[in-house]
Amino acid sequence: MAQREPPGQLVISRVHLGPTAFGGESVRPVCRETRLALPAGGQAQASIADAPRAHGRFAPPSVTLPQLLGVFFCLDCTSIGGRSASYLLSELVQRRGWLRRDDWLEGHLLGRVLPGPSGVGSGMFLAHLLGGPIAAALAMTLYVVPGLLIGIVLSSLIYGFDRPLWVDSAIHGLSASALGLFLYQSLRNASTSAKVRFGPVAAVAAFVAHGLLELDLVLVMASLGLVLVLLNRPAAHHEEQAR
Amino acid sequence: MSDGLLDVFLLFAKLGLLSFGGGTAILAEMQREAIGRGWLSHAQFIQAYAIGQMTPGPGTLFVVPMGYGAAGVPGALAAALGFFLPTGAIALATVCVWGRLRQSAWPAAIRDALIPVAIGLSFASFYTMGRAGLADPGSLVIASVSTLTFWRTRAPAPLVLIVGGVAGALVAGR
């Protein structure tokens, strides 16, 4: 893929390096392949402003709608454990070469901006690049529906029938392990808050307000989000950089 | 759609629209709502999260077992529709006009501002779920070992979850 990427489109100098992740999605393999000079165990982190702005100058290869939908269907059937952005990178960029890495990066960051599952936003962006809005809508439908059906089957098996004690214990252990996964993901994301002015303070405040004090989610998000947007508004950010 | 299904749809639509940064930030609120409305017990809620992690596709498919607990198969469909349809429509509209939006610095500023809040909310979610789900020493050990395994190795998530399930069965059998 390297030879297909026009030089200078991925602004490496604006990518922050550090022991963090793209909102929980590990991008270590990406950085290794693009030969970024990473510290040991380090990962890349970027804001959406760092995303390349040149997808309009790149013509994605001709991909038929059935091909595109087939890929998204297969992705849904195999991408267990979340982290769908990593699967999208692997399949659409690294394996098939349909898109450039900077397309994926832009889509991934877009997915983090939008409300809802980040994989849906980034997947829609990538499918839109390859096939337009109808392809994006259909691809996302195929991306969700098989997992939805499997989820219903698993739910009916777990909730719908009397189970022996050992099955309950196994589910209990599986649930504890899932909480361990959740803690790991939260810890991996934690350092991301440091890139925003007063970000760590806001993160702690959100934890206290919603976790300990049990204040309303909308109130917490709206108030803290508004304060942080004001503190980190683009003009203020540029003034600080100028100083 | 009956009132019950409409409630499920509206709740998950609201939570979906508030879930910046991947969807886990709203788990604490989801837990309060699902348990407060009598749809799920604490244990069932955590089981629902575990089922979601075992399901292929978006990691936020944990809404499916939660909806199932609320109102069976129609509830699962209503929860999935509520969670994915409005956010999917917004995503589709946004990617169609992104060519203009992406030149602005404001999307970056808003995203950067919301991520720390989402991180704090993720810890709040872990705190509220952990209080119920990690009450016994066995669960605490399994969760700790799982966290360390994810941290130190590249073990696939489903494998670690299955090992956790086997460990749970063995601990209970002793």
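**View 1. Chain B is built from 7 helices and 0 strands.** Start at the N terminus and walk along chain B, and the elements read α-α-α-α-α-α-α. Keep in mind that this is a predicted model. Chain B has 174 residues, and 57% of them count as buried. Now take the contacts in chain B between residues at least 6 apart in sequence: 57% of these join residues at least 24 apart. The accessible surface of chain B comes to about 6,600 Å², and 68% of that belongs to carbon and sulfur atoms.

**View 2. Chain A and chain B meet, with 97 residues of chain A in contact with 98 residues of chain B.** Between them, the two chains bury about 8,400 Å². Carbon and sulfur atoms account for 75% of that buried area. Three names to look for here are A:Tyr159, A:Phe182 and A:Met221, which supply 9% of the area that chain A buries against chain B. No other three residues supply more.

**View 3. Here are the polar contacts across the two chains, and the helices on chain A's side.** Between chain A and chain B, the count is 8 residue pairs in polar contact, with both residues at pLDDT 80 or more. Which elements of chain A give two or more residues to the side that touches chain B? They are helix 1 (28-33), helix 2 (65-78), helix 4 (101-113), helix 5 (118-159), helix 6 (165-190), helix 7 (199-212) and helix 8 (217-231). Helix 6 of chain A gives the most, with 23 residues. Sort the residues on this side of chain A by type and you get 55 nonpolar, 31 polar and 11 charged.

**View 4. A salt bridge joins A:Glu214 to B:Arg32.** Side chains of opposite charge can pair when their charged atoms come close. In this view, the side chains of A:Glu214 and B:Arg32 meet at 4.0 Å, N to O. The count between chain A and chain B is 2 salt bridges, while the structure holds 7 over all chains. A:Glu214 lies in the loop between helix 7 and helix 8 of chain A, and B:Arg32 lies in helix 2 (residues 27-36) of chain B, so this pair joins two chains. Are these residues buried, partly exposed or exposed? A:Glu214 is partly exposed, with a relative accessible area of 44%. B:Arg32 also counts as partly exposed, at 23% relative accessibility.

**View 5. B:Arg32 has a salt-bridge partner in its own chain too, B:Glu29.** The closest N and O atoms of B:Glu29 and B:Arg32 are 3.9 Å apart. Both residues lie in helix 2 of chain B, 3 residues apart, which is about one turn of the helix. B:Glu29 counts as buried, at 6% relative accessibility. Zoom out a little and you'll find a network of salt bridges linking A:Glu214, B:Glu29, B:Arg32 and B:Arg131.

**View 6. B:Lys14 and B:Glu33 meet in another salt bridge, inside chain B.** Their side chains come to 3.6 Å, N to O. What does this pair tie together? B:Lys14 lies in helix 1 (residues 3-18) of chain B and B:Glu33 in helix 2, so the pair ties together parts that are 19 residues apart in sequence. B:Lys14 is partly exposed, with a relative accessible area of 31%. B:Glu33 has 17% relative accessibility; buried means under 20%, so B:Glu33 counts as buried.

**View 7. B:Ser139 is a buried residue in contact with residues of both chains.** You'll find B:Ser139 in helix 6 (residues 137-152) of chain B. Its relative accessible area is 2%. The side chain of B:Ser139 makes a polar contact with the side chain of B:Asp136, at 2.7 Å. Which other residues is B:Ser139 in contact with, leaving aside its neighbours within four places in sequence? On chain A they are A:His172 and A:Ala176, and on chain B they are B:Gly133 and B:Leu134.

Terms used. Residues numbered from 1 in each chain as written. Chains lettered and ligands numbered in written order. Predicted model: local features only at pLDDT ≥ 70, side-chain atom pairs only at ≥ 80, totals over all residues. Heavy atoms only, no water. Contact = heavy atoms within 4.5 Å. Buried area = accessible area lost by both parts, 1.4 Å probe. Polar contact = N/O pair within 3.5 Å; in protein donor to acceptor, adjacent residues only side chain to side chain. Helix = DSSP H or I, 4+ residues; strand = E, 2+ residues; numbered from the N terminus. Nonpolar A, V, L, I, M, F, W, Y, C, P; charged D, E, K, R; others polar. Buried < 20%, exposed > 50% of the residue type's maximum accessible area, 1.4 Å probe, protein only. Areas by Shrake-Rupley, 256 points an atom, 1.4 Å probe, with all protein chains shown as cover.
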